[in-house]
Amino acid sequence: MLDIGFSELLLIAVAALVILGPKDLPVVLRHVVKFLREMRSLYAGLKHQMTQVMEEVGLNDAARGIGTIIDLEGKPRQAYDVTALDALAAKPTHDDAHTS
């Protein structure tokens, strides 16, 4: 997160107490906490919406190595991860093991 230790947090609390005073400090803290909660809620909503958009577009499939591409004729085709296909081609088949 912000990498703030206990000593830095204590220094900030003492400075806030001196600057704001004991009367206004709880009010300011409530507003700060409310603001942080709203920001977390906004972030969660945006993250959810972006996930939905990625699923609709098909970017989740691309992240797994399988997706849809458009060929030269404009037709959709299934795309594969080339490294996965190379790994499959490198495996010896049952017939290859017996012929050696």
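This is a short walk through one predicted protein model, mostly about its first helix.

Okay, ground rules. Residues count from 1 along each chain as its sequence is written. Since the model is predicted, local features need pLDDT of at least 70 and side-chain atom pairs pLDDT 80 or more, totals for chains, interfaces and linings use all residues, and side-chain values use heavy atoms, with hydrogens and water left out.

So what's in there? Four helices and two strands, running α-α-β-β-α-α along the sequence. Helices here are DSSP runs of H or I with at least four residues, strands are E with at least two, numbered from the N terminus.

Confidence next: pLDDT is the predictor's confidence in each residue, from 0 to 100. The mean is 79, and 66% of residues reach 70 or more. Among the elements, helix α1, residues 6–57, has the highest mean at 91, while helix α4, residues 94–99, has the lowest at 55.

Now, α1 itself. There are 52 residues in it, yet the end C-alpha atoms sit only 45 Å apart, against 76 Å for a straight helix; that expected span is 1.5 Å times one less than the number of residues. Look at Gly 21, shortly before Pro 22: there's a kink of about 110 degrees, taken as the angle between axes fitted to the seven residues ending there and the seven starting there.

Leu 17 is in α1 too. Leaving out residues up to four places away in sequence, Leu 17 touches Pro 22 and Leu 25, with contact meaning heavy atoms within 4.5 Å. Leu 17 counts as partly exposed because its relative accessibility is 41%; buried is under 20%, exposed over 50%, partly exposed in between, with a 1.4 Å probe and protein chains only. Buried residues make up 5% of the 100 in the protein.
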